[in-house]
Amino acid sequence: MVKASLSIWGWGGLGVVLFLITFGPFAIFYLAFYILCFIGGGFVVLLLFGKINSEKHLERCEHSYLPSTQTAILKVLEEIKSESRPIKIDRRLTGSSIIDEPLQQVPSTKPNGQMNATAKSARSCA
């Protein structure tokens, strides 16, 4: 195990030393720059290739028949206007008119009672 580890370090170190002697100390930065340029160039080629192909496809599809959208929008607006009817809101809480009628009177009387109490307290302060 020690022999294999020593062998790996030995060959790895020799490779690094020869690399630095051959290409210089800034070779690592140059290598990273070259790799980035290669990847960036690949993306540029893909972008141009895709753009050219999509333009060709759009030119082929340009003469196909597509219905006008304006008439469809107007038709939808006409249907919405023709269907405008008052919305009936079911105000029942329990479903029983015997219980619901008194319950519907409570919200209408409560604000009046609060306003009367507020008005009375305001008169007593003045």
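Just 2% of the 126 residues in the protein are buried. The model behind that figure is a predicted one, and it makes sense to start with its overall build. The protein has four helices and zero strands, and read along the sequence the pattern is simply α-α-α-α. About 12,200 Å² of the protein is exposed, and carbon and sulfur atoms supply 70% of that area.

How far the predictor trusts its own model varies along the chain. The average pLDDT of the protein is 78, with 72% of the residues scoring at least 70. Helix 2 comes out on top with a mean of 91, while helix 4 (residues 97–125) sits at the bottom with a mean of 62.

Next come the aromatic rings. A pair of such rings is described by two things, the distance of the centres and the angle of the planes. The structure holds three aromatic pairs. One of them joins F19 and F23, with 5.1 Å from centre to centre and 55° between the planes, which makes the pair tilted. Both residues belong to helix 1 (residues 2–23), and because F19 and F23 are four residues apart there, about one helical turn separates them. The two partners do not get the same label for exposure: F19, at 28% relative accessibility, counts as partly exposed, whereas F23 reaches 55% and counts as exposed. Since the cut-off for exposed is over 50%, F23 at 55% passes it.

Another pair is made by F26 and F29. Here the ring centres lie 6.4 Å apart and the planes meet at 40°, so this pair is tilted as well. The centres fall within the 6.5 Å needed for a pair, and an angle that is neither under 30 degrees nor over 60 counts as tilted. F26 and F29 are both exposed.

Finally, there is a nonpolar patch on the surface. L31, I35, F38, I39, F43 and L46 form this patch, and together they have about 670 Å² of accessible area. One of these residues, L46, lies in helix 2 (residues 27–61), the helix with the highest confidence in the protein. L46 has a relative accessible area of 57%, so this leucine counts as exposed.

Terms used
Residues are numbered from 1 along each chain as its sequence is written. This is a predicted model: local features need pLDDT of at least 70, side-chain atom pairs count only at pLDDT 80 or more; totals for chains, interfaces and linings use all residues. Side-chain values use heavy atoms; hydrogens and water are left out. Rings of Phe, Tyr and Trp (its six-membered ring) pair if their centres lie within 6.5 Å; planes under 30 degrees apart count as stacked, over 60 as edge-to-face and the rest as tilted. Helices (H or I, at least four residues) and strands (E, at least two) are DSSP runs, numbered from the N terminus. Buried means under 20% relative accessible area, exposed over 50%, partly exposed in between (1.4 Å probe, protein chains only). Accessible areas come from the Shrake-Rupley method with a 1.4 Å probe; for residues, only the protein chains shown count as cover. Patches are made of residues with over 30% relative accessible area and no salt bridge: like charges are joined within 9 Å, nonpolar side chains (Val, Leu, Ile, Met, Phe, Trp, Tyr) within 5 Å. A salt bridge is a side-chain nitrogen of Lys or Arg within 4 Å of a carboxyl oxygen of Asp or Glu. pLDDT is the predictor's confidence in each residue, from 0 to 100.
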